[in-house]
Amino acid sequence: MSTKKPVILSDILPGVVSGINDIKATYGEWDVHESQHADPARVAEVLSELTERLDNNFPFFHPQYAGQMLKPPHPVAMAAYTATMMINPNNHSIDGGKATTLMEREVLDQLVAMFGYSEKYLGHLTWSGTTANLEALWVGREVNPGKAIAHSKDSHYTHSRMGEVLNVPTISIATEADGRMSLDALEVELKTGRIGTVVVTLGTTGLGAVDPLADIIPLARQYGARVHVDTAYGGFFSLIPDELSPETARHYAAIAHSDSVVVDPHKHGLQPYGCGAVLFNDQSIIEYYKHDSPYTYFASTDRHFGEIQLECSRAGASAAALWATLKVFPLTRDGLGAIIAPGRRAARLWHELISESDVLQPYQQPELDIITYLPRVESMSALDHVSHAIFEMAADTTRPQQTHLATYVVTPDQLAARGMELERDAPSGRIMRSVLMKPEHEVLIPEMHHHVSMWSRRAMERYGF
Ligand SMILES: Cc1ncc(COP(=O)(O)O)c(C=O)c1O
């Protein structure tokens with residue numbers, strides 16, 4: 001019989017807080033300076049105002065929130081983060097965070113094993129996917145100076161923006177009808193000899209599409225370009241190849257042969273914001289990180305994270321939270337994989353229900369846990385109106401009845417490429433998009449489909465479509 005049960009933050013928090021207080025007590029008591037005293041009534045008032053103000057949010061924690069890539073961290077991560085924050089180590093250096101530097105090395109080894117990278121990797125956690133990608137693109141610039149970055153038209157906007165920051169030209173590569181980078185269009189650019197780094201997205205932010213990495217790697221190698229994988233959102237799907245199509249799984253398996261990879265534990269890794277990661281498959285790039293820092297790095301001759309990262313200060317609490325979470329849910333099919341898989345199944349199930357619907361139709365087949373769909377209307381302007389109305393109406397009811405969705409902007413050409421010809425009375429229109437990243441979504445799908453279909457019908461009636 002399983003001994004597992006729900007983990008409740010208020011049950012586990014007192015234990016870790018008093019554990020840290022015990023550590024502090026071993027150094028002897030001290031008086032907190034008067035300047036930091038506060039009136040308990042004022043503190044209570046402010047914190048009460050805080051909780052009231054936090055009610056002004058969509059309910060990201062609830063399975064009926066099926067909009068953007070948002071969900072709260074696991075209570076284990078929250079407890080570990082809070083406990084560590086009471087000491088507030090800084091993983092910039094071993095001087096700043098001895099214990100948490102060791103924890104970070106352990107979690108990096110696990111991420112490296114998940115992606116099949118070389119044991120001689122270089123990498124670290126970051127504050128975000130954006131800073132992690134920036135670093136990989138910066139290394140790309142140093143390895144192939146004077147050359148451009150190629151990324152798909154559907155890749156995250158960070159790549160073109162970071163190209164501007166790094167003063168490296170970026171080239172947007174067309175996508176196929178399924179949202180994956182076009183190999184033919186990429187080869188045209190590679191042939192010019194001007195591409196230094198190809199960014200391959202496994203799990204695009206909008207559609208969850210998986211670029212054909214296994215085919216891009218040999219192509220890029222042929223033309224001397226680096227391959228950087230942005231799997232900030234999709235990385236942890238590496239754990240569940242059995243739930244992916246064989247073609248998608250083939251591209252995940254190819255991550256092992258890329259030059260660098262980014263993954264965000266603060267998306268599918270159950271972590272609070274402030275936890276990304278970048279890994280390089282080869283340590284030779286360390287030469288680009290050389291810098292002088294006479295005021296740090298004195299407690300150990302071991303390598304400090306600050307010596308191999310662009311950022312300086314970084315929360316040791318992030319490393320501790322991820323470390324604790326992965327001890328409970330390791331990076332295996334039965335560990336974190338068992339939390340990722342239901343969302344993937346939810347996406348497949350909802351896609352099937354939408355395919356059979358008389359009011360809704362799929363935009364495209366989901367590859368991961370993002371689904372996109374649209375009301376069955378005839379013009380672009382009707383599409384935009386009705387989609388926005390569904391978004392609003394589904395959330396505009398009593399709290400237990402609400403469904404929270406997101407929208408995504410498409411053009412008539414993109415619809416036509418997927419076999420949907422709409423009257424072109426507007427240059428673009430919104431469709432519906434849902435990220436099904438909570439395992440609880442799986443059982444809720446039939447009910448959510450019922451609600452969304454009902455709101456779609458009502459929205460179409462309201463606007464006379
Ligand atoms: C594919 C991809 N890359 C990069 C990012 C940016 O990551 P972050 O929001 O952690 O900075 C995102 C965020 O959604 C993403 O989906």
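This passage looks at the two largest pockets of a predicted model and at helix α5, which takes part in lining one of them.

The largest pocket holds about 850 Å³ of space. Its lining is made of 34 residues, and Val-76, Ala-80, Ala-320, Trp-323 and Ala-324 are the ones nearest the centre. Two or more lining residues come from each of α1 (9-25), α3 (75-85), α4 (98-115), α10 (316-328) and α11 (337-355). Of these elements, α3 gives the most, with six residues. Sorted by class, the lining has 24 nonpolar residues, with five polar and five charged ones beside them.

The second largest pocket contains about 580 Å³ of space. Here 31 residues form the lining, and Met-69, His-156, Tyr-157, Thr-205 and Lys-267 lie nearest the centre. Two elements, α5 and β10 (406-410), give two or more residues to this lining, and α5 gives the most, with three. By class, the lining of this second pocket has 16 polar, nine nonpolar and six charged residues. Both domain 1 (85-328) and domain 2 (337-462) supply at least three of the lining residues.

Helix α5 itself rewards a closer look. The helix runs over residues 129-143, and at 1.5 Å a residue its 15 residues should span 21 Å; the C-alpha atoms at its ends are 21 Å apart, so expectation and model agree. At the start of α5, a side-chain oxygen of Ser-128 comes to within 3.2 Å of the backbone nitrogen of Thr-130. Further along, the run from Ala-132 through Asn-133, Leu-134, Glu-135, Ala-136, Leu-137, Trp-138 and Val-139 to Gly-140 is buried, and Gly-129 is buried too.

Note on methods: Residues are numbered from 1 along each chain as its sequence is written. This is a predicted model: local features need pLDDT of at least 70, side-chain atom pairs count only at pLDDT 80 or more; totals for chains, interfaces and linings use all residues. Side-chain values use heavy atoms; hydrogens and water are left out. Helices (H or I, at least four residues) and strands (E, at least two) are DSSP runs, numbered from the N terminus. The expected span of a helix is 1.5 Å times one less than its number of residues. Buried means under 20% relative accessible area, exposed over 50%, partly exposed in between (1.4 Å probe, protein chains only). A polar contact is a pair of N or O atoms within 3.5 Å; within protein, one must be able to donate a hydrogen and the other to accept it, and residues adjacent in sequence count only if both atoms are side-chain atoms. On a 1 Å grid over the protein atoms alone, a cavity is a set of points where a 1.4 Å probe fits but cannot get out, and a pocket is an open set with protein on both sides within 12 Å along at least five of seven lines; lining residues have an atom within 4 Å of a point. Grid points are joined across faces, edges and corners, and a volume is the space filled by probe spheres set on the points. Ala, Val, Leu, Ile, Met, Phe, Trp, Tyr, Cys and Pro count as nonpolar, Asp, Glu, Lys and Arg as charged, and the others, Gly among them, as polar. Domain bounds come from an automatic or database domain assignment.
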